[in-house]
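Open the model in your viewer and keep the sequence panel visible. This tour goes from one selection to the next and says what is found at each stop.

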Amino acid sequence: MTPSSCAISLQGIHYAFAGNTVLNALDLKVESGEVVALLGPSGCGKSTLLKLLAGLLQPQRGEIYFGSQRVASANSMLPPEQRDLGMVFQDYALWPHMSVAQNVDFPLRMRKIPLSERQLRVRTALDRVGLTEMANRKPSDLSGGQQQRVALARAIVAGPQILLFDEPLSNLDSELRETLCREIAGLLRQSGTTAVYVTHDRHEAELLADRIVHLSFGAVSAIRTVTSSSGKST
Ligand SMILES: Nc1ncnc2c1ncn2[C@@H]1O[C@H](COP(=O)(O)OP(=O)(O)OP(=O)(O)O)[C@@H](O)[C@H]1O
């Protein structure tokens, strides 16, 4: 597979924190529209890998391609806002002083999209996550699950090519985790967005991923394709 035939290509990635190697000669390719779950023991480098994709860290060796565009190497780095991606974190990372609608609108304002189109897109995104009625509330007036839905709406509102998830459901109770996981899986399939989803939870990974990638000792140790019979929503 050439870099341009897949949505994401990591080639020979090396990353160390102050001399402690976390990722070592890591190779991984993600096809367009594919959902990949990253599993592995605590500290194996899952979040580090996601930060490299997001442009929050720069690889010390190796290259990262999005399609045919090289977005990072030891000598070059495309900033996060130019990577056409959305991110959802464990701690929601919402702006507390902004309403739900203003939070969701934020990426559109950053892209200087006209007001009328922004309003339409915010309404559509809130509708897709079932939060239309909450548009004027502040994040502090919402439950954890609702806050994570806001974060999801904010991640999808600009229609990014790639979505990155860093344990988005780990702060929620198990019943809500399963519900939201199925909702995220539905949204990803509907939109055909390429996604990388970091989780500790094998069941979550099976519910939404096309492939499960195991990391250990700084590299990919196993890759498994998920069939619908093993749990994935179809
Ligand atoms: N800013 C940092 N400075 C120094 N070391 C760090 C830093 N961030 C992460 N590390 C170390 O890098 C390694 C990989 O961390 P990372 O957060 O990528 O792991 P993870 O697989 O996501 O873990 P978890 O499942 O517990 O979230 C760990 O040993 C961690 O202690």
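Which residue in β5 is the bridge partner of Tyr65? Select Tyr65 and look across to β5: the partner is Arg70. Keep in mind throughout that this is a predicted model.

**Stop 1: the hairpin of β4 and β5**

Extend the selection to strand β4, residues 61-66, and strand β5, residues 69-73. These two strands pair in the antiparallel sense, over 4 bridges. Another pair to pick out is Glu63 with its bridge partner in β5, Ser73. Between the strands of this hairpin there are 2 residues. Click on Gly67 in the hairpin, where phi is positive and near 60°.

**Stop 2: the sheet of 4 strands**

Now add the neighbouring strands. The hairpin belongs to an open sheet of 4 strands in the order β2-β1-β4-β5, and the pairing is antiparallel. At the edges are β2 (20-30) and β5, each of which pairs on one side only. If you look along the sheet, neighbouring strands are turned against each other by 25° on average, with direction ignored. Next show helix α1, which packs on this sheet and touches β1 (8-17), β2, β4 and β5. The direction of α1 makes about 120° with that of β1.

**Stop 3: the ligand**

Stay with α1, residues 46-54, and display the ligand. Which helix gives the most residues to the shell around the ligand? Helix α1 does, with 3 residues. To see the whole shell, select Phe17, Val22, Gly40, Ser42, Gly43, Cys44, Gly45, Lys46, Ser47, Thr48 and His200. Colour them by type: 3 are nonpolar, 7 polar and 1 charged.

**Stop 4: the sheet of 6 strands**

Hide the ligand and show the other strands listed here. An open sheet of 6 strands runs in the order β6-β7-β8-β3-β9-β10, and its pairing is mixed. Its edge strands are β6 (85-89) and β10 (219-225), each pairing on one side only. From one strand to the next, the twist averages 20°.

Zoom in on β9, residues 211-216, which pairs with β10 in the antiparallel sense over 6 bridges. Ser216 stands opposite Ala219 of β10. In the loop between β9 and β10 you will find Phe217. Phi of Phe217 is positive, near 50°, and this residue is not a glycine. Most residues other than glycine have a negative phi. Is Phe217 buried or exposed? Phe217 counts as exposed because 12 other C-beta atoms lie within 10 Å, and the limit for exposed is 12 or fewer.

**Stop 5: Glu167**

Another positive phi, of about 45°, occurs at Glu167, again not a glycine. Look for Glu167 in the loop between β7 (162-166) and α5. Glu167 is partly exposed because it has 19 other C-beta atoms within 10 Å, while a buried residue needs 20 or more.

**Stop 6: Leu188 and the core**

Follow the chain into helix α5, residues 174-191, where Leu188 is found. Why does Leu188 count as buried? Leu188 is buried because it has 23 C-beta neighbours inside 10 Å. Leaving aside neighbours within four places in sequence, Leu188 is in contact with Val35, Thr193, Ala195 and Leu208. Draw a distance line from Leu188 to Leu208: their C-alpha atoms are separated by 8.6 Å, and the two residues are 20 apart along the chain.

Leu208 also leads to the largest nonpolar core, which has 69 residues. Those touching the most other members are Ala37, Leu38, Ala153, Tyr197 and Leu208. In soluble globular proteins, nonpolar side chains tend to be buried together. Select Ala153 next; not counting residues up to four places away in sequence, Ala153 touches Val104, Ala125, Leu126, Arg128, Val129 and Leu131.

**Stop 7: helix α2**

Val104 is one of the buried residues of helix α2, residues 100-110. The others to select are Val100, Ala101, Asn103, Asp105, Pro107 and Leu108. Show α3 (115-128) and α4 (144-156) as well, since they are included in what covers the buried residues of α2. End the tour at Lys112, just after α2, where phi is positive at about 55°.

Definitions and conventions
Residues numbered from 1 in each chain as written. Predicted model: local features only at pLDDT ≥ 70, side-chain atom pairs only at ≥ 80, totals over all residues. Near = placed C-beta within 6 Å. Nonpolar A, V, L, I, M, F, W, Y, C, P; charged D, E, K, R; others polar. Pairing = 2+ DSSP bridges. Axes fitted to C-alpha atoms, helices over the stretch in contact; angles between N-to-C directions. Core = buried A, V, L, I, M, F, W, Y, C linked by C-beta atoms within 7 Å. Contact = placed C-beta atoms within 7 Å.
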